[in-house]
Amino acid sequence: MAYIQLVINLVAFGAILWAVNVYIPMNATVKKVVNAIVIVVAILFVLSAFGFFGPIAW
């Protein structure tokens, strides 16, 4: 995977997380859980891109 594509995907993760936090009203506890899940998925995506895991099949 090219580094530009990795950066674009991370920006997309960030934009989606920002939009969820700003535009969807939810309890603070639920918001923390959603943020944690998105961050874990982004970390797994980056680790997969650098070859620490095999390709993640969605």
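## Aromatic pairs and exposure in a two-helix chain

Tyr3 is exposed, with a relative accessible area of 58% (buried means under 20%, exposed over 50%, and partly exposed in between, with a 1.4 Å probe and protein chains only). The structure is a predicted model, in which local features need pLDDT of at least 70 and side-chain atom pairs count only at pLDDT 80 or more, while totals for chains, interfaces and linings use all residues. Residues are numbered from 1 along each chain as its sequence is written, and side-chain values use heavy atoms, leaving out hydrogens and water.

### Overall form

The protein chain contains 2 helices and 0 strands (DSSP runs numbered from the N terminus: H or I over at least four residues for helices, E over at least two for strands). Its radius of gyration is 13 Å, well over the 10 Å that the globule rule gives for 58 residues, so the chain is more spread out than a compact globule (the radius is taken over C-alpha atoms, and the rule is 2.2 Å times the number of residues to the power 0.38). The C-alpha trace spans about 35 × 20 × 15 Å along its principal axes.

Of the 58 residues, 12% count as buried. The chain exposes about 4,500 Å², and carbon and sulfur atoms supply 77% of this area (Shrake-Rupley method, 1.4 Å probe; for residues, only the protein chains shown count as cover). Among contacts with a separation of 6 or more, 47% join residues 24 or more positions apart (contact means heavy atoms within 4.5 Å).

### Aromatic pairs

A search of the whole structure finds 3 aromatic pairs (ring centres within 6.5 Å for Phe, Tyr and the six-membered ring of Trp; planes under 30 degrees apart are stacked, over 60 edge-to-face, and the rest tilted). One of them joins Tyr3 and Phe50 in a tilted arrangement, at 6.0 Å centre to centre and with 40° between the planes. This pair links distant parts of the chain: Tyr3 belongs to helix α1 (residues 3-23), Phe50 to the segment after α2 (28-49), and 47 residues separate them. Whereas Tyr3 is exposed, Phe50 is partly exposed at 45% relative accessibility.

Trp18 and Tyr23 form an edge-to-face pair, with 5.6 Å centre to centre and 85° between the planes. Trp18 is partly exposed at 49%, and Tyr23 is exposed at 59%.

### A nonpolar surface patch

Tyr3 and Phe50 also take part in a nonpolar surface patch together with Val40, Leu44, Phe52 and Phe53, with about 660 Å² of accessible area in total. Patch residues have over 30% relative accessible area and no salt bridge; like charges are joined within 9 Å, and nonpolar side chains (Val, Leu, Ile, Met, Phe, Trp, Tyr) within 5 Å. A salt bridge is a side-chain nitrogen of Lys or Arg within 4 Å of a carboxyl oxygen of Asp or Glu.

### Further helix residues

The table places three residues in their helices.

| Residue | Helix | Relative accessible area | Class |
|---|---|---|---|
| Asn9 | α1 | 24% | partly exposed |
| Val30 | α2 | 43% | partly exposed |
| Asn35 | α2 | 19% | buried |

Leaving aside neighbours within four places in sequence, Asn35 is in contact with Leu17 and Asn21. The C-alpha atoms of Asn9 and Phe45 are separated by 9.1 Å, with their positions 36 residues apart along the chain. For Val30 and Ala12, 18 residues apart along the chain, the C-alpha separation is 21 Å.
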